[in-house]
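Please find below a colleague's note, arranged as numbered points for a first-year reader. It is best read with the structure in view.

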Amino acid sequence: MTVTSQGAARDRASAVEVDVAIVGAGFAGLGMATQLARRGRESFVVLERADAVGGTWRDNVYPGIACDIPAHLYSFSFRPPADWASRYPSGAEIRDYLEQTVSDEGFADRIWLRTELRQAHWDDAEARWVIAAGGADGSERTVLARNLVLAVGRLSEPKIPRIDGLDGFPGQVVHTAAWHDAVAVDGARIGVVGTGASAVQVIPHLAETAEELVVFCRTPPYVVPREDRRYTEQERAALRDPEVAAEVRDRLLTEADAAFRQRLGLHPDIDEIRARARDHLLAQVADPVLREQLTPDYEIGCKRILLSDDFYPALQRPNVVFEPSALESVIESKATARSGRTYDLDVLVMATGFEAARPPAAVRVAGRGGRRLSEHWSSGMTSYASTVVSGFPNMFVLDGPNAALGHNSAIYMIETQLDYVLGALDYTAERGVRVLEVSAEAEEAYTREIDERSASTVWLTGCDSWYVDPESRRLTLLWPGTAASFRERNGTFDPAPFLTEPDEVRR
């Protein structure tokens with residue numbers, strides 16, 4: 001036996017064996033853990049690289065962080081909603097909701113914090129996943145799992161654009177997803193790069209205390225009124241009733257799903273939402289030059305439609321400069337836009353999104369024959385039922401390929417996937433199946449279905465966006481349909497397209 005194999009044998013001997021290993025403790029991972037804990041049948045662990053649960057709501061703590069989906073729709077239907085203070089929840093409220101979920105459901109001891117996935121590979125002989133995990137302190141742990149659930153999310157890896165000279169900027173550079181208390185913004189000259197969802201929330205707050213705030217805008221967004229409001233005490237009391245909350249959730253879901261017609265470019269729906277955004281801009285921006293600079297030149301809906309009542313007013317403050325071009329280079333403290341204009345800055349805030357279409361975690365997962373998930377997805381993410389991938393037995397991906405929405409709640413989609421995974425686990429337990437693997441033909445057929453559904457949507461006809469894979473030009477992040485159609489298509493596990501292997505085969 002070689003030294004390497006001896007070390008591997010020792011790791012196996014000290015490994016933790018479970019039925020399910022979950023990677024990630026955000027909404028999807030905690031939802032999966034909640035359902036498994038309630039069943040009490042499968043053993044499981046949750047690997048979380050950070051020092052707390054919450055996922056994107058743990059990482060994003062910039063001033064003004066909030067959700068743009070109503071609270072009663074952006075929460076689990078199987079957990080009565082928290083006592084939300086307003087229609088749209090703050091980031092802190094959502095984080096509290098997730099932490100309370102762990103406490104109430106009693107699985108905190110099965111969450112391994114500060115434990116990052118290093119490698120996961122499928123052991124064909126043992127018919128299980130061998131997972132190497134480690135902490136920042138150098139500790140190493142091995143998990144042997146019959147099933148692997150990837151719940152790493154789409155908004156977990158901040159994206160920093162290539163900007164000449166950025167490394168030499170003498171001031172602070174911070175991504176909105178890595179905000180911290182030491183960011184010195186009061187009285188500072190601040191540059192914000194980007195005008196997406198995070199930017200429109202943080203800009204009004206930074207504008208209140210900055211000496212000067214420069215907003216670098218490559219592409220102006222469509223913005224519609226947010227119309228948030230706090231609930232009265234009487235409303236909050238009524239909404240604590242799970243039945244009332246469920247009725248509100250169902251109504252919100254139906255209303256949001258109606259907006260999918262806009263993404264198909266259907267009239268009058270797309271005309272109405274375009275007019276709403278235009279009227280909002282007209283009402284809030286009097287200067288015709290600024291209004292022209294803030295008018296998008298692409299079809300509405302192909303990029304995320306933003307909700308804000310204070311973004312446009314913030315841009316018109318005397319200490320705010322709207323730069324209608326991208327940040328191109330930095331020389332010492334001078335930031336130069338593509339227009340050629342230069343600004344002296346102390347702080348650069350990167351509101352530049354995430355590595356969503358090509359999840360970095362995919363390079364750490366190897367399926368049959370050692371083929372990495374990143375290789376399988378080299379031409380863009382693909383799957384079957386937006387949850388399983390051929391060549392990767394007993395593995396489930398939550399909030400992955402074509403499992404998000406551009407018009408409705410991600411939590412509803414996650415719940416649909418949870419039902420699918422639980423159905424698969426039930427099937428393997430009841431039928432004595434040890435290995436469950438979707439066929440390549442089924443994945444290819446599903447991918448064709450996605451492509452056909454996507455072809456006429458605004459995401460492929462209206463502009464370039466982060467929803468589309470940069471190389472294959474396929475829509476790989478969004479489900480090209482309603483939330484209800486996703487549940488109808490993918491909410492129930494069907495064993496027909498799977499290759500199965502009974503327990504006794506390998507005994």
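1. The structure is a predicted model, and the points below should be read with that in mind. A convenient starting place is Glu 323, which belongs to strand S12, spanning residues 320–323.

2. Is Glu 323 buried or exposed? Its relative accessible area is 0%, and Glu 323 therefore counts as buried, since the cut-off for that class is under 20%. The side chain of Glu 323 makes a polar contact of 3.0 Å with the side chain of Ser 339.

3. Which residues does Glu 323 touch, leaving aside those up to four places away in sequence? They are Val 214, Val 215, Phe 216, Cys 217, Ala 337, Ser 339, Arg 341 and Tyr 343.

4. Strand S12 is part of an open sheet of 5 strands, paired in parallel in the order S7-S16-S8-S9-S12. Strand S7 (172–175) and S12 form the edges, each pairing on one side only. On average, neighbouring strands of this sheet are turned by 15° against each other, with direction ignored.

5. Within this sheet, strand S8 (residues 189–193) and strand S9 (residues 212–216) run parallel and are joined by 5 bridges. Gly 191 stands opposite Val 214 of S9, and Val 214 is also one of the residues that Glu 323 touches.

6. The cysteines deserve a separate point. A disulfide is a covalent bond between the sulfur atoms of two cysteines. The structure holds 1 disulfide, which joins Cys 302 to Cys 463 with an S to S distance of 2.0 Å. The link of Cys 302 and Cys 463 is right-handed, with 125° about the S-S bond.

7. What does this disulfide tie together? Cys 302 lies in the loop between helix H10 (288–293) and strand S11 (306–307), whereas Cys 463 lies in the loop between helix H15 (458–461) and helix H16 (483–490). The pair therefore ties together parts that are 161 residues apart in sequence. Both partners are buried: Cys 302 has a relative accessible area of 0%, and Cys 463 has one of 18%.

8. Why does Cys 217 form no bond with Cys 463? The closest cysteine sulfur to that of Cys 217 is the one in Cys 463, but it is 13 Å away, which is too far for a bond; the cut-off for a disulfide is within 2.5 Å. Cys 217 is buried, at a relative accessible area of 2%, and is among the residues touched by Glu 323. Cys 67 also counts as buried, with 3% relative accessibility.

Key:
Residues are numbered from 1 along each chain as its sequence is written. This is a predicted model: local features need pLDDT of at least 70, side-chain atom pairs count only at pLDDT 80 or more; totals for chains, interfaces and linings use all residues. Side-chain values use heavy atoms; hydrogens and water are left out. Helices (H or I, at least four residues) and strands (E, at least two) are DSSP runs, numbered from the N terminus. Buried means under 20% relative accessible area, exposed over 50%, partly exposed in between (1.4 Å probe, protein chains only). A polar contact is a pair of N or O atoms within 3.5 Å; within protein, one must be able to donate a hydrogen and the other to accept it, and residues adjacent in sequence count only if both atoms are side-chain atoms. Contact means heavy atoms within 4.5 Å. Two strands pair if DSSP finds at least two bridges between them. Axes are lines fitted to C-alpha atoms, for helices over the stretch in contact, and angles run from 0 to 180 degrees between N-to-C directions.
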